[in-house]
Amino acid sequence: MKSLWTSTLSFPPAVRLLMVNQFAINLAFYMLMPYLAAHLAGELGLAAWAVGLVLGVRNFSQQGMFLIGGTIADRFGYKAPIMAGCLLRTAGFALLGVVDSLPVLVVASAATGFAGALFNPAVRAYLAAEAGEERRVEAFATFNVYYQAGMLAGPLVGLALLAADFRLVCLIAAGIFALLTLMQGRSLPARRGAEPGGQAGGVPAQWRTVVANRPFLLFSFAMIGSYVLTFQVYLALPLAAGDAFGAAGTKATSLLFVLSAAVAVAGQLRLTGWAKNRWNGEQALVRGLALMGLAFTPLALLAASGRAVPGAVALAALAGAVIALSAGSAIVYPLEMDTIVSLAGNRLVATHYGLYNTVSGIGITLGNLATGALWDYAQQHRALWLVWTALALTGAACASAVLALARSGRLTAPVPQPAIA
């Protein structure tokens, strides 16, 4: 905790505000979202398809609109979309707590999703610009501690508030975003990228400039596998916990969630410093990705043995996978964010982040479909080792792709070029 405090204070006030801002964003989001489906199906009595619609609209309006949010940030500065996103989420969360009409719930869900698309690219671009080239990696490492801490605390706070009323959860979450909006309006300086670029040719010129950045696109596609692996904390690992522990699988899954966030909160700065002392940025990025793939090999070996696995051994294997996956992700994240800025040539950074997040979101969706289908097939044929082996190979492929880009010089910052008009 002392190292986190020291690291936080070493950054300019705007960076510190963005870090606290992200903790509060995740605190409010995760105190509500994990319990929204139960509220919609239980208290409101919506059919399963309607619950899926509300949740799906939220995900699509965020993942599908990241490019729009990044474009707005590069054209109008970073502060405006950060504030607009928080204000929009204030309204969306408040509506989720007080309405029961499906059309209004869909609108509220879309608002909360688009809010994330507005402030996420802007926050990361602002952080990169304010921290400067020399301290970007450290800034993103510290930022991730606050990000993960919000994810860790949010569900616990939400669970405590649920004892009173779901509406109270929504209104308090909305209140947090309202306070963030006011705090940013008063204390967050206006900030633009070092070279806004793309203004003369309008939005199409911005997008053509980003899409023409071939090294950036190659890196974006190479990193898709890392997001598929990270998401298995929500998919394959809970499915495995359910298989291993039956009714107690939910408790095991909760433990895995907490463990994942705890590794990031407690180990992020240490892992970043450890990696920087031993490898250059490209080497650390590749090794972190390889570790994320290796996280699934013990599970593959246990499943391939064909023997009945004691509960303690199964829990240890799942916990080990989560720890390795989270540690690898902690090594990768700050370097990944720094690489995006470098490949952008420090121009149109928010638009680059927006497209990167959109590509990652599509990759997660396709990866989840593939993982789920493979899980069903493997269960039918009593060959769950196929799932874990496929995930391990995904990590190896991701690491190999990034290694190939590094060796070919495509992870080196490009010479700045004028925007394509």
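Select α13 (236-245), α16 (297-305), α17 (311-343) and α19 (385-407): each of these helices supplies at least two residues to the lining of the second largest pocket. The model you are looking at is predicted.

**Inside the pocket**

Keep those four helices shown and highlight α17. With 4 residues, α17 gives the most to the lining of the second largest pocket.

Next, pick A244, L302, A303, V309 and L384. Of the 21 residues that line the second largest pocket, these lie nearest its centre. Centre the view on them.

Now colour the lining by residue class. How do the residues of the lining divide into nonpolar, polar and charged? The nonpolar group has 16 members, the polar group 2 and the charged group 3. The space they surround in the second largest pocket is about 500 Å³.

**Out to the whole chain**

Zoom out and switch to cartoon. The chain holds 19 helices and 0 strands. Its radius of gyration is 21 Å, close to the 22 Å that the globule rule gives for 421 residues, so the chain is as compact as a globular protein of that length. Align the view to the principal axes: the C-alpha trace spans about 65 × 55 × 45 Å along them.

Show contacts next. Among those with a separation of 6 or more, 85% join residues 24 or more positions apart.

Colour by burial. Buried residues, those under 20% relative accessible area, make up 52% of the 421 in the chain.

Finish with the surface. The accessible surface of the chain comes to about 17900 Å². Carbon and sulfur atoms account for 68% of that area.

Terms used
Residues numbered from 1 in each chain as written. Predicted model: local features only at pLDDT ≥ 70, side-chain atom pairs only at ≥ 80, totals over all residues. Heavy atoms only, no water. 1 Å grid on protein atoms, 1.4 Å probe; cavity = no way out; pocket = protein on both sides within 12 Å on 5 of 7 lines; lining within 4 Å. Points joined across faces, edges and corners; volume = space filled by probe spheres on them. Nonpolar A, V, L, I, M, F, W, Y, C, P; charged D, E, K, R; others polar. Rg over C-alpha atoms; globule rule 2.2 N^0.38 Å. Buried < 20%, exposed > 50% of the residue type's maximum accessible area, 1.4 Å probe, protein only. Contact = heavy atoms within 4.5 Å. Areas by Shrake-Rupley, 256 points an atom, 1.4 Å probe, with all protein chains shown as cover.
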